[in-house]
Structure formats: C-alpha cells, structure tokens
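The exercises below ask you to read pockets, an interface and a cavity from a model, and each is followed by a worked solution. Please keep the structure in view while you work through the steps.

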Amino acid sequence: MRRLIAPLSVRQKLLAVVLVTTLTALLVAIAVMVGFDLRTYRQSLISDMTTQADLLGRTTAPALTFDDPRVAQENLELLHYRPQIRAAAIYNARGKIFASYSGTDGREFPKLPEADGTRIEGNELVLFKRIVDSREILGTVYLRADYELYDRLVGYLGIAAIVAAIAMLVAYVLSRQLQHIVTSPLLAIAGVAREVTEKRTFSLRAPKLSKDEIGMLAESFNTMLAEIERATRDLQASNEVLGREIAEHNRAEQEILRLNTELEQRVKERTAQLEYTNGELEAFCYSVSHDLRAPLRAIDGFSQALLEDFPKDVPEEARRYLSRIRSSTQRMGQLIEDLLNLSRVSRGGLERRDADISELARQVVTELQTREPQRKVDISVWDGMRANADSRLLRAALENLIGNAWKFSSKTDQPRIEIGSLSDDGRAVFYVRDNGAGFDMAYANKLFGAFQRLHSGNEYQGTGIGLATVQRIVHRHGGRIWADAKPGKGAAFYFTLESDGVEKAGRDMAEAQA
Amino acid sequence: MSQKMIMIVEDNPDDEELTLRALRQGKIANEIVVTRDGNEALEFVFGRGQYAGRNLERMPAVILLDLKLPKLSGLEVLKQLRSDPRTKLIPVVVLTSSSEDEDMLRSYQVGANSYVRKPVEFGSFANAVSQLGMYWLLLNETPPRA
C-alpha cells in the first residue's frame, strides 16, 4: 500500500487517503446496517409466521374437534393471499395430514409433524406449531415460507454499490475542492524551494498561507533561507574582501616588479655614469701626472739655471728666494706623486694571492737603509707573516707605514722599529711599531684623512697622504686599521686584511666613542 | 765616420730647453735634432713633408721620445718606427712625466729600449738625461746598417 502511494504527489496522496477512508467508512456502515436489517427481517418473519400459525391453529381448532377437514381446507386456501407462504398443512392429533395447502410448487409435506420450532432450510423457513385447546393437543400446523435473505442481500449490495459510488464521487469532488487548503501552502513552499535550488536566489520567501504546522514549516523554511542568505552574503563579502586583497597583493607585486625594473635601470644608468666618471678620473690622473709636472720641472730647472748662469748677478736674498721656490716645486712634485699613488690604490683590480708580508717588509726596510745608510735603526721583522692579499698594494702600504716609522724615529736616541703580528680571535693583526715622536691620541681621528698632518713641515717632511693611502689599501682588502700612540713615546699602527663582520665593527665603534 | 746624432721628440718648449741644457752640461756636443710632435718626428726620420729630400743615410743614433705628443702620440710614433725596416733598430728611449705602470708596460711592448721618468727636480733630471746621452752615444754600439 505504502509502496503504491509513495511515488504519488501530495495532492494525489491526499485524494487517495480521503477516498480510501470514505470507502472504508461507507463499507463498515453498510455492513452494519445490512446485518442489522437481515436480523430484523428474520425475527419479524419468524414472528409473523408464528402469529400466522397461531391464527391458523385457532381457526382450525373447531374443525379438528369436529373432524371437518373441509373447513380446515378452506381456511388453508385463504393463504393464497399471502404468496410468501409456499405451503401449509394441518396435522391431526395422531399426526396425520388433516388438510394441506400448496402454493406454486408441488413438493411433498413431511410425513409426521415435528415439535414446536422454526428452522431455516436453504431459502425457506419451516415452522411447526402445536394446536392446543384447553390443555389438549388437537393437532399441529406446518408452514413453509420464502426466506428471501439472499435476494435482500443482493439488493442491499446493489444499493450499497450505488451509494458508495455516489459517496465516493461526492468525496472526490469535495476533496478536490478542499485539498487546496492543505496542499497549496505546501506546494507554495515546494515551489519556492525548487526555485531557490535552481536559481540560487536566497532572497525568495515562502508565503505563509496558514497558521498550522505548514505555516510553521513555511516560517522555519523562511528562517533557514534568511540564515542561508545571510551566510551567503557574508561568504560573498569575505570572498570580495579576499578578492580585493588578492588584487591588492597582485598590484603590490606588479609595483615591486616595476620598481625593481626601474631600480635596475637606475643602477645601469648610475653604473654607466660611474664608469664615465671613473674614465674621466683616470684621464684626469694621467693629465696630472704629465701636465702638472712639466711646469714644475720648468720652474725648478730655470731657477737653477738662473743660479748657474748668473752666479754673480743674483744677490744673496734672491738666492734664498730661489731656493724656497725650488723646495716648493719639489714639495709640489711629491704631492702630485702621492696623490697619484692614492688614486692608483683605488683603481685597478685587487689580486689576492698568498703574500709574504715578512719578505715585503724586509724589502722596504732594505730600500730605506740604502737611501739613508748613515742612519742606525734597530729594525726587527717577524718571520713567517703571510696573508691572502694583493702584494703590490700591500707593499705600498708597508712602504708608507715603515717609512713613517723610519721618519718619525729620526730624532730619537736608539730608534727601534718592529714589524710583527698578533692574533685576535684567530684573525691575524699586523702591526708596525716605533719608539719615535708619536702623537696625541686626541687627534687619532684625523690620522687617516688625506692632507691631514699631525706634525709641522719643519719637524718632519710629508704630504699627509701616506696614511690615507694605507687606509684605502686596508679597506680594499676589507680590513681595518687603527693606531695607538703617545707623544714622545712612539706609535703603533695595527691593521687586518680580512673583513671581520658587523659585530666586531659595532664593538669598535663603541670603543671609539668611549 | 760622422758624428752620431740625437733626436729629441718633445712638444713642451720648457722641457726641450731643459733637456738641451742637461745634455750640454753632460758635455755631449753631438748634433741634436728637435721635432715638436709625432708627425714631425716621422717626417724627419722618413724624409717626408718639410724634411723631404733629407739625406736618409743619416739616422739618429738615439731617439728621446716623449709619450704625450700632439697629433700622433709617442706610442704611435714608436709603433711606426718599429714597423719600418729602416728604423726598426734605432734605439728609442721613452722620456716622460708619466709614472703610470700602464704606460711603461705598453712602451716596452711596442719596442722601447728604455723607459725613463722625467723627475721634477732639475738636478735629477739633468743627471738622468746626461747619463742617457752618455750611454746611448758613447757606450752603446749601434747596430750595423742593414
């Protein structure tokens, strides 16, 4: 049953329910009515026949008493007014048929009367009734009547069928009309649900057409839709935010790319500019080395020529002036030389190789001793000092440092110069130390600037470019240079030839500030 | 055998005069030819231009060549001298103010016999020049003529 109903629509289900219910109710009602009616019919038939038999007995009693079968027969013949009674008979007290009546059929009568009672035989009712008069049994009445139960039943069923058909028709029409009350709110909800599913428009709402469970269903459904709509809106909002963020991110990336390209372009431009400037600088240096020297040479040369060619015409004062001119030109020449050296150590490649510092230092020392053989200086150079460095630049640095030590110890008794190395955190620190003039550490920050001098030209010769050159060489190797000195007690210059990281540099800055 | 000749290629009149003076002080009395740019130097040596018709039998015993010259640079001059069989073997002393290693290297590469820096101080300069004259004129044997 359920399986039959399940695939039907709600409308059809409702209709089916109504019709089945109506039919069942109708059938039960009809069955009860028919049963009741048949029972009544049987009782009334029995009672009717009993009365009839009674009546026959009373009218036939005198005939029996007087043994007059004709009267009895007449009485019986009257029964033809009741076609319902098929046959009747009167038995006398001895049980013999006294009179008989037979309707349409010619069936035989029972041979002997039976005791009082009724019984159903097929579609016939059989009745025996004693005829009693003042305590004496006179005879027995026999009646056989139509018992039309089957016909009645068939008639009733026909009526029931017609009634049921009409009732069902009415029920069908009524329920068709009335079911809208139930189904239309449901169908409305279903329609909205279908539309929501198909079009995903969560703003739709189911109409609330009733205040019953379906109304509640519509409300719940609407609440759910509102919830989904809100959630969807939130989701869309967050999607939009996400989309915007992604777009923003992409834009930022594009921007970075663009900036990078721009930066690269700028770097290229700057590099080109720098290369150009470098070229200019080299051309300038070349000119300096050539063109600035020539006039100096002329000044010096012709000053000397003046002295040599006119020995008598040049007064003593003029000679002194000429000698000042010549020493100035020489100083100028030296300045140009030093400047060229300074620029030379900045240009060109850095060719790091295993350099023998001890050997380089000894070469420099030998040169100094050859230049000024009259000076007696106690010089010690440690053995086995090596570094991964550009030996040409390193030699230039040592020439300056050892040359300074040589120069500033010229006025010291028992001058001493030491070239050695220490180890600081496993890193080699080289030093050049002398016991010469030294300097005040208050001016230490000026030591390495070009043209900075801590001694006057009268005391010691110099251009003030040497230490700037040394510092540049050390920096090109990624190293550091610093000094320690006291006026009159000598000076020591320390340097490293490899980079020592940020941490160390920070510590040095702290030391310098202290 | 005629006296050996010195040729000086120098555009700076001061340097020219100082060089001559130094040679004089070094008691060098040989004939001295002065040309003032690279082109003139080549014209003299090969007997072209203003020196057309010059007796090419007479070649300088030594050439003192400045590097920085108008028109043709000293290195150009040296290259051309070395590429001609007539001048290939003439001793050339590069005499310059430049102390660039690069210049020295290139001079030797194209065939300079000597490279001498002109010092600012005249005493040293005069010394250097007279010693050069002495060496190339008196001590050095000029290659036999081809």
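**Exercise 1.** How much space lies in the largest pocket? Describe the lining as well.

*Solution.* Begin with the volume, remembering that this is a predicted model: the largest pocket holds about 1600 Å³ of space. Next, turn to the residues around that space, of which there are 49 in the lining, with A:Gln334, A:Asp338, A:Asn400, A:Asn404 and A:Lys407 being the closest to the centre of the pocket.

Then ask which elements build the lining. In chain A, at least two residues each come from helices H6 (316–346), H7 (357–371), H8 (391–408) and H9 (466–476), and likewise from strands S10 (427–434) and S12 (490–495). H8(A) gives the largest share, with 13 residues of the lining. Finally, sort the lining by class, which yields 18 nonpolar, 17 polar and 14 charged residues.

**Exercise 2.** Describe the interface of chain B and chain A, from its extent to its residue classes.

*Solution.* The first step is the extent of the interface, where 25 residues of chain B are in contact with 25 residues of chain A. The size of an interface is often expressed as the accessible area that is lost when the parts come together. Here the buried area is about 2000 Å², and carbon and sulfur atoms give 49% of that area.

The second step is to look at the polar pairs across the interface, for which the rule finds 10 residue pairs in polar contact, both partners being at pLDDT 80 or more. The elements of chain B that each supply at least two residues to the side touching chain A are helix H1 (13–25), helix H4 (101–109) and helix H5 (122–139). H1(B) accounts for the largest share of that side, namely six residues. By class, the side of chain B that touches chain A comprises six nonpolar, seven polar and 12 charged residues.

**Exercise 3.** How many salt bridges are there between chain B and chain A, and which partners does B:Arg21 have?

*Solution.* Start with the counts: over all chains there are 40 salt bridges, and between chain B and chain A there are five. Now follow B:Arg21, which forms a salt bridge with A:Glu308, with 2.6 Å between the closest N and O atoms. B:Arg21 also meets A:Asp309 in a salt bridge, at 2.8 Å from N to O. This second pair crosses between chains, running from helix H1 of chain B, where B:Arg21 lies, to helix H5 (residues 213–309) of chain A, which holds A:Asp309.

**Exercise 4.** Which residues line the largest cavity?

*Solution.* First establish the count, which is one cavity of 30 Å³ or more, and then the volume, which is about 30 Å³ for the largest cavity. The lining consists of B:Ile8, B:Val9, B:Glu10, B:Thr19, B:Leu64, B:Leu65, B:Asp66 and B:Leu95. Strand S1 (5–9) and strand S3 (62–65) of chain B are the elements that give two or more residues to this lining. Sorted by class, the lining of the largest cavity has five nonpolar residues, one polar and two charged.

Note on methods. Residues are numbered from 1 along each chain as its sequence is written. Chains are lettered from A and ligands numbered from 1 in the order in which they are written. This is a predicted model: local features need pLDDT of at least 70, side-chain atom pairs count only at pLDDT 80 or more; totals for chains, interfaces and linings use all residues. Side-chain values use heavy atoms; hydrogens and water are left out. On a 1 Å grid over the protein atoms alone, a cavity is a set of points where a 1.4 Å probe fits but cannot get out, and a pocket is an open set with protein on both sides within 12 Å along at least five of seven lines; lining residues have an atom within 4 Å of a point. Grid points are joined across faces, edges and corners, and a volume is the space filled by probe spheres set on the points. Helices (H or I, at least four residues) and strands (E, at least two) are DSSP runs, numbered from the N terminus. Ala, Val, Leu, Ile, Met, Phe, Trp, Tyr, Cys and Pro count as nonpolar, Asp, Glu, Lys and Arg as charged, and the others, Gly among them, as polar. Contact means heavy atoms within 4.5 Å. Buried area is the accessible area (1.4 Å probe) that two parts lose on being put together, summed over both. A salt bridge is a side-chain nitrogen of Lys or Arg within 4 Å of a carboxyl oxygen of Asp or Glu. A polar contact is a pair of N or O atoms within 3.5 Å; within protein, one must be able to donate a hydrogen and the other to accept it, and residues adjacent in sequence count only if both atoms are side-chain atoms.
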